[in-house]
Amino acid sequence: SDHMENICGYLMKYTNLVTGWQYRFFVLNNDAGLLEYFVNEQSRHLKPRGTLQLAGAVISPSDEDSHTFTVNAASGEQYKLRATDAKERQHWVSRLQICTQHHTEAIGKNNPPLKSRSFSLASQGSANSPGVQRRPSQNAVSFFNVGHHRLPTGKRVPIMQPDHLVDVREMMSQAEGQQRDLIRSIECLPASGHLTSLDQDLLMLKATSMATMNCLNDCFHILQLQHASQQKGSLPAGTTISWLEPKISLANHFKNGAAQNFPAEINKPESVREEQSIAEPCQLTREPEEINPDEELEDICDDKEDDLGAVEEQRSVILHLLSQLKLGMDLTRVVLPTFILEKRSLLEMYADFMSHPDLFIAITNGSSPEERMIRFVEYYLTSFHEGRKGAIAKKPYNPIIGETFHCSWRMPKSNVATDAGTNSSAHSPSEQVTLPKDPEGQAEPDYYTVKFVAEQVSHHPPVSGFYAECVERNMCVNAHVWTKSKFLGMSIGVTMVGEGILHLLEHGEEYTFSLPCAYARSILTVPWVELGGKVNINCAKTGYSASINFHTKPFYGGKLHRVTGEVKQNMTNTVVCKVQGEWNSVLEFTYSNGETKYVDLTKLFVTRKRVRPLEKQGPFESRRLWQHVTESLRDGDIDKATEHKRALEERQRNEERLRAETETPWCTKYFLKDGDGWVYHKPLWKTVSAAQTQQTDSN
């Protein structure tokens, strides 16, 4: 191939926390399929300081910045590297990927399936099942005749002769039976006494045996690919090997040793085949769609996440998952078990933060900059309680790229707080901008409408954009959020990277704000959600700002979900309001005049959002996209939910691979890139500005 060229040059290599980053001279040897590095260019004639075999490796650009990437070898060794700029990184990544694919396919063609052997994985000591004939010095690598040492160019290690996979499949079936018997024996133990079915060591044994069978099934999958490539001559284009999702259905495997069937394409439900066959999103219409709020109906869905059953049943799976994670590990690319999922997408969760539209609309009714800032803080602090569904910490669906969610709220004008001595419609004409009238001349409704739209604009990193507006009150909010999750031992932390801006167009004010971190605590017992970190709200025009601290519970003592904050005038450094309490219970606001106001979030009225029926939604709207996963979770069918979820994720991976191969950029539908952020394509401030210009021209 023209692209199979040997390249070399300096890259920075991360060693450890003490040494940090160091410049090293790297050489890509395409003939041998090796990535080697030396202390410097002058020492390249010496033995390399390190060597990675690229066959079976994974080359991954990092989400940290545009310069960093990692090379993950099949041996488990990893190089974390950094180029001087994005262009150089792309050059190295593309050449490494081409070399990796070439040598991986060569293994598929040249290494046939394992030949039949007279060993069995049945119970030890059985007279009918001879044990594994293996020398003490023979490790797993030599046993399968796979090495990670450098091979002389042009020479090939002798390989096993081709044979059918029937014997391997039979041995694995025996192993699966043994593993089911083990699980059944453990689960039949009494719930109390000296040795119980909930013993931590036994749970870990179940999890380890599960992991072993998953690994064996992954290996068997590779052997099948090799066997197919031997007959076809090469691996199918775009073939990848996924290690994240288990090939064995997790839930069935823990149902008292129930028989395990390996899924075949013909046995997949029609809905799964439909999910896998939906066209490439960019081939669908990417033109923004105007959603008519009159088509939306009040939402009757009420999925509270208070069921601990699935978590209790699958604790051994959680133990297995935890055993694979490292402290500080980024969980963005880790596929989590289906049973810990909420029955909604992350995009819909952002919409649920808007469940108090009366408080949102009331912000612009404040008579002074001070009051408007305080009202915004009040709305901000009351939004998180309804954003959580129930007391159990579960995870929303990860939106796939191109996924959207639309909804709206209707709020009677009489229910919105106004100025003292005024009503919600009492604004001077000079403060208002007349938008184009309804062509049908319909009477003005007695309610306000708040419209909401969210879109997953990026997959790696996972970034969501959302926008809400109330046209009647000339106010809107635009935000983008990048969710970065990390494993913290017995909890999971999620950092919400991004920024939101609230626009009060009547007053010409913009309020910038950020979001707190979220933590899922006690993930092995009863998981619960905690917010933590400091957020700031600022209005540059008025000089008012707010500082809010979400306090995490200390190790000993202390209250849960505590929050404190203050609003001040920056020019005079005067504190005009203080707030304290719990973000999911009662908040206390103390004003500069000595007055105190209490807000009980558990008694606040929640306005139900309005959503279009499924049959009117597009194929990439959240509820329609995830409907089969949601239905299966409601029915308690974890296997079916996992299958539907895997089909969606696999389709997304295939589409992403196709875009990479064809160098086709992703095209968003509702949000446009603006610097480091994302902005709604048709924000209210542009509409109002255009209307003002039109009025000026007509005058």
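A visitor and a guide talk through a predicted model and the rules behind its labels.

Visitor: What kind of model is this, and which residues count?
Guide: The model is predicted, so local features need pLDDT of at least 70 and side-chain atom pairs count only at pLDDT 80 or more, while totals for chains, interfaces and linings use all residues. Residues are numbered from 1 along each chain as its sequence is written, and side-chain values use heavy atoms, with hydrogens and water left out.

Visitor: What is the mean pLDDT of the chain?
Guide: pLDDT is the predictor's confidence in each residue, from 0 to 100. The chain has a mean of 75, and 68% of its residues reach 70 or more. Among the elements, helix 2 (residues 140–143) has the lowest mean pLDDT, 32, and strand 16 (residues 509–513) the highest, 96.

Visitor: Where is the pLDDT below 50?
Guide: One such stretch is residues 112–162, which has 70 contacts in the model beyond near neighbours in sequence; a contact means heavy atoms within 4.5 Å. Residues 234–267 also stay under 50, and for them the model has 71 contacts beyond four places in sequence. Where pLDDT is low, the predicted coordinates should not be read in detail.

Visitor: What makes the seven strands an open sheet, and in which order do they lie?
Guide: Helices (H or I, at least four residues) and strands (E, at least two) are DSSP runs, numbered from the N terminus. Two strands pair if DSSP finds at least two bridges between them. The order is 4-3-2-1-7-6-5, with antiparallel pairing. Strand 4 (50–53) and strand 5 (58–61) are the edge strands, as each pairs on one side only. From one strand to the next the twist averages 35°, an angle between N-to-C directions on a scale from 0 to 180 degrees, with axes fitted to C-alpha atoms.

Visitor: How do you know that strand 5 and strand 6 pair?
Guide: The rule asks for at least two bridges, and strand 5 and strand 6 (residues 68–72) have four, in the antiparallel sense. V58 has N72 as its bridge partner in strand 6, and I59 stands opposite V71. A hairpin of six residues joins strand 5 to strand 6.

Visitor: How many disulfides does the structure hold?
Guide: Zero. A disulfide is a pair of cysteine sulfur atoms within 2.5 Å, and no pair is counted here.

Visitor: Why is C407 called buried, and what is C8 called?
Guide: Buried means under 20% relative accessible area, exposed over 50%, and partly exposed in between (1.4 Å probe, protein chains only). C407 has 2% and therefore counts as buried. C8 has 41%, so the term for C8 is partly exposed.

Visitor: What makes helix 13 mostly covered?
Guide: Six of the eight residues in helix 13 (residues 627–634) are buried, namely Q627, H628, V629, T630, S632 and L633. Just after helix 13, G636 takes a positive phi of about 75°.

Visitor: Why is the contact between D299 and K609 called a salt bridge?
Guide: A salt bridge is a side-chain nitrogen of Lys or Arg within 4 Å of a carboxyl oxygen of Asp or Glu. The side chains of D299 and K609 meet at 3.8 Å, N to O, so the pair satisfies the rule. D299 lies in the loop between strand 8 (297–298) and helix 7 (309–313), and K609 in the loop between strand 23 (596–600) and strand 24 (610–611), 310 residues apart. D299 is buried at 8%, and K609 is buried at 7%. By this rule the count comes to 20 salt bridges.

Visitor: How do you know that E348 and R623 form a salt bridge, and where do they lie?
Guide: Their N to O distance is 2.5 Å. E348 is in helix 9 (residues 346–352) and R623 in helix 12 (residues 622–625), 275 residues apart. E348 is buried at 6%, and R623 is buried at 19%.

Visitor: What separates R653 from E650 in helix 14?
Guide: The closest N and O atoms of this salt bridge are 3.1 Å apart. Because R653 and E650 are three residues apart in helix 14 (residues 638–662), about one helical turn separates them. R653 is partly exposed at 26%, and E650 is partly exposed at 26%. Elsewhere, salt bridges that share partners join D299, E342, R344, E348, D352, K609 and R623 into one network.
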